[in-house]
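Visitor: Please take a close look at one helix and what lies around it. Keep it brisk.

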Amino acid sequence: MTEENKKTPLTEIARLRADAIRLVADANRMLVSNGRPAAAAPTAGRLRLALLGQYNAGKSTLINALLGARVAETGDRPQTLRAHTYEWGGFDIIDLPGTDAREGEQQAALDEAHRAHAVLFVVSSQSGIELDTTWQTLEALHRDRVAYALVINDKQPHQTEEDERRHREAVLGRMRLLSAQRLQGRGPDQALWVNGLRAERGRLEGVDAFVRASGIELLEIDLAERLYRNDEVLRDLSNLATVAGVLESLRAELAAQLTDADTKAISDAVAGCTAAREHLTMAAESIAAERFA
């Protein structure tokens, strides 16, 4: 399988994060080679995104839409019988067994969710909110204090936009009612509404109108916020400024001894750290602004 060259917010975050990790590693090698201690750096494992939900809720379709490539199998038959990890562009995307799986599989899915930087609990708009297993899983997520986003995937065909709007309002209203009854007000504050098939088609075929109409962009904003909050590398943007400062100090101290090539290498490293920090900060500010809007 070959990776398609499509940018999505998630793949762009992963790319910038990888650049930041590489710059810090390069800078530290340069510092150590010049007899200086390495700058502190956060642990840099892969980003882990877990998708939890009933069979055929549309988890695999959402994976394809979020990554802009057909990396997960989709279909009417249950596709996820056990936890499956897709390694893609800096991410480990963990497609977990359905919440209507056997008890052991359900517990394994919850255990994986605990280890993720972000968790999506995907429910079908057609029948998902009426299932006991949906509410049992929500109860378990709250009991175990798993931070997650509830995603309702619209799988209902609609004749008109008005039909779609009425369906969405009815489902969300029913969700709030059941949440009050089953979780006594401890349910999610909101649900993200997404048309997974529309989002997948829009991303794979490059149709922006489908992407905008699908609701996937609001989901990506929510996901980006969770990643910035829960990942050490993204959370500690100040580390890039610290590394740049240490390199500047090294350049000043060794100015008389450095060759032109050494000076250029340090200057490039400083510029790279500064640029990466600015890009990551701008991305975080953009996400916050869009979320507020």
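**A close look at helix H8**

Guide: Start with the burial pattern. In H8, the buried residues are Ile216, Leu219, Glu220, Ile221, Asp222, Leu223, Ala224, Arg226, Leu227 and Tyr228. The helix covers residues 216-230, 15 in number. From first C-alpha to last it reaches 21 Å, close to the 21 Å expected at 1.5 Å a residue. An α-helix has 3.6 residues a turn, so residues three or four places apart point the same way.

This is a predicted model. Its mean pLDDT is 78, and 73% of the residues reach 70 or more. Over residues 76-80 the pLDDT falls below 50. That stretch still has 12 contacts in the model beyond near neighbours in sequence.

Now a contact partner of H8. His117 sits in the loop between helix H3 (103-114) and strand S4 (118-124). His117 touches Arg226, Leu227 and Asn230, among other residues more than four places away in sequence. The list also includes Arg46, Leu47, Arg48 and Asp231. His117 counts as buried because its relative accessibility is 16%, under the 20% cut-off.

For another buried site, turn to helix H4 (residues 132-143), where Leu138 is found. Leu138 has a relative accessible area of 0%, so Leu138 is buried. Setting aside residues up to four places away in sequence, Leu138 touches Phe121, Tyr148, Met175 and Leu183. Arg186 is 48 residues from Leu138 along the chain. Their C-alpha atoms are separated by 9.4 Å.

Conventions. Residues are numbered from 1 along each chain as its sequence is written. This is a predicted model: local features need pLDDT of at least 70, side-chain atom pairs count only at pLDDT 80 or more; totals for chains, interfaces and linings use all residues. Side-chain values use heavy atoms; hydrogens and water are left out. pLDDT is the predictor's confidence in each residue, from 0 to 100. Contact means heavy atoms within 4.5 Å. Helices (H or I, at least four residues) and strands (E, at least two) are DSSP runs, numbered from the N terminus. The expected span of a helix is 1.5 Å times one less than its number of residues. Buried means under 20% relative accessible area, exposed over 50%, partly exposed in between (1.4 Å probe, protein chains only).
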